[in-house]
Amino acid sequence: MNINNKDLKSNKKIIVLGGDGFCGWPTSLHLSNLGHEVVIIDNLSRRNIDNELEAESLTPIQPMGTRLRAWEEITEKKIGFYNIDIAENYDDVLQVIQDVQPDVIVHFAEQRSAPYSMKTPKHKRYTVNNNINATHNVLCAIVESGLDIHLVHLGTMGVYGYGTAGMKIPEGYLDVEVQTEAGDWVGQQILYPTNPGSVYHMTKSQDQLLFQYYNKNDNVRITDLHQGIVWGTNTRETKLDERLINRFDYDGDYGTVLNRFLMQAAVGHPITVHGTGGQTRAFIHIQDTVRCVQLAIENPPTREEKVMIFNQMTETHRVNNLAKRVSELADAEIAYVSNPRKEAAENDLHVKNDLFLSKGLEPITLDEGLLQEVTNIAKKYVDRVDYSKIPAKSTWTKEQKPGTIDQTTKNIATGKGV
């Protein structure tokens, strides 16, 4: 059955890279439900990382074959699947592109965790090798295929760091004036400067340069989505059957901050705020993630246009304020712990998101009902919680000892002074 066909404009062939992941799976279902012909390419690396970390999804995600059979059984729509390592097997990627001849490729196939990328030198090197090679292989394969393919890439707001220089972060580009040797002032447009805060964010910054080059040199049509922190778990499609349920990460490496807070409160664990909690972050609900990808597909750039960049976020919040809100909602304790990241204790963040609003996005914002929905999921699967995986253990510097209560930090965060 189709649960929503009103936004369908024209059926397309779409390859979703990384379609088994937290954002990739619900996006694949959403696009399939809209009537598009969807093929997933994924090497299931995220499941292998679960094995490495010994930290499973809180929700019981099914094997890929079970997921795909359930979707076909419920909707009578089939999603194709290829198990390919995009970063390592260029010829296989090219062959699938030539066989499918997609109109669109949606690229989620990158290691997505900043803490995981900072665990050890090995994890840093894996993140760089995987992410940059995956992106470059896809771009190179698009050009070699000779097909006019629109690439939609999931990037991150984190490429900009968390300082805004007293202005709203624009959607990708900054208008500047430079003075020539003759003394004249000449205007030009540049990529908004990046300031990555982890190896993971650095790879996303590098992606931008690859996109600029292949757009300039080969006229590849590219949309880069700079996404905020995703919260929530399920979308309309993943709610149809428990076999379709999306993953819910709560561990210190992959759990996103608001989902971690909600899960911790639901299972009676103190809400762990890193540092003072004075960091401001951009957020987006998972349902809006899939909707934004749809809008990007429906509003592609032409081959003559530069890379289109959207800030894919709906609101900003200070971490400490989120913790207090969840604490009040669930009557939970807040624990301030040492911050494993190398970042300022406090920051402001102002972001433009006019492009998605102009394309018809009606943002989902932090709503008590949706917060409760995430809490209910956590309570339902409380028996699957491994409490030893909740603390964040990956550090940005060797001197840090994350996860311990820091009284000075606690005093600052609670307004008691030092």
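User: What share of the 418 residues counts as buried?
Analyst: 56% of them count as buried. Keep in mind that this is a predicted model.

User: How many helices and strands does the protein have?
Analyst: There are 13 helices and 14 strands. The radius of gyration is 21 Å, and the globule rule gives 22 Å for 418 residues, so the protein is as compact as a globular protein of that length.

User: What does the C-alpha trace span along its principal axes?
Analyst: About 70 × 60 × 40 Å.

User: And the contacts? What percentage comes from residues 24 or more positions apart?
Analyst: 82%, taken over contacts with a separation of 6 or more.

User: Let's go to helix α1. How many of its residues are buried?
Analyst: 10 of the 10, across residues 24-33, so α1 is largely enclosed by the rest of the structure. Trp25, Leu29 and Leu31 are among the buried residues. So are Ser28, His30 and Asn33.

User: What covers them?
Analyst: The cover includes three strands, β1 (13-17), β2 (37-41) and β4 (104-107). Helices α3 (64-75) and α9 (286-298) are also part of the cover.

User: Which residue just after α1 takes a positive phi?
Analyst: Glycine 35, at about 105 degrees.

User: Now the strands. Which residues of β14 are buried on each side?
Analyst: Ile334 and Tyr336 are buried on one side, and Ala335 and Val337 on the other. Both faces of β14, residues 334-337, are therefore covered, with buried meaning under 20% relative accessible area. In a regular strand, side chains alternate between the two faces of the sheet.

User: Do β10 and β14 pair in the parallel or antiparallel sense, which is it?
Analyst: Parallel, over 4 bridges, with β10 running through residues 271-274. In one of these pairings, threonine 272 has alanine 335 of β14 as its bridge partner. Alanine 335 is also one of the buried residues of β14.

User: What leads into β14? Where is aspartate 331?
Analyst: Aspartate 331 sits in the loop between α10 (319-330) and β14. This aspartate has a positive phi of about 55 degrees, though it is not a glycine.

User: Is aspartate 331 buried or exposed?
Analyst: Exposed, with a relative accessible area of 74%.

User: Where is asparagine 219, and what is its phi?
Analyst: Asparagine 219 lies in the loop between α7 (199-218) and β8 (221-227). Its phi is positive, about 55 degrees, and it is not a glycine either. Asparagine 219 is partly exposed, at 34% relative accessible area.

User: Back up into α7. What is the relative accessible area of tyrosine 213?
Analyst: 41%, which makes tyrosine 213 partly exposed. Tyrosine 213 is found in helix α7.

User: How far apart are tyrosine 213 and threonine 365?
Analyst: 36 Å in space, C-alpha to C-alpha. In sequence they are 152 residues apart.

User: Switching to empty space. How many cavities of 30 Å³ or more are there?
Analyst: The structure holds 2. The second largest has about 50 Å³ of space.

User: Which residues line the second largest cavity?
Analyst: The lining is Phe22, Arg112, Arg247, Phe248, Asp249, Tyr254, Gly255, Thr256 and Asn259.

User: How does that lining split by class?
Analyst: Evenly: 3 nonpolar, 3 polar and 3 charged residues. Arg112, Arg247 and Asp249 are the charged ones. Phe22, Phe248 and Tyr254 count as nonpolar. Gly255, Thr256 and Asn259 count as polar.

Note on methods. Residues numbered from 1 in each chain as written. Predicted model: local features only at pLDDT ≥ 70, side-chain atom pairs only at ≥ 80, totals over all residues. Heavy atoms only, no water. 1 Å grid on protein atoms, 1.4 Å probe; cavity = no way out; pocket = protein on both sides within 12 Å on 5 of 7 lines; lining within 4 Å. Points joined across faces, edges and corners; volume = space filled by probe spheres on them. Buried < 20%, exposed > 50% of the residue type's maximum accessible area, 1.4 Å probe, protein only. Helix = DSSP H or I, 4+ residues; strand = E, 2+ residues; numbered from the N terminus. Pairing = 2+ DSSP bridges. Rg over C-alpha atoms; globule rule 2.2 N^0.38 Å. Contact = heavy atoms within 4.5 Å.
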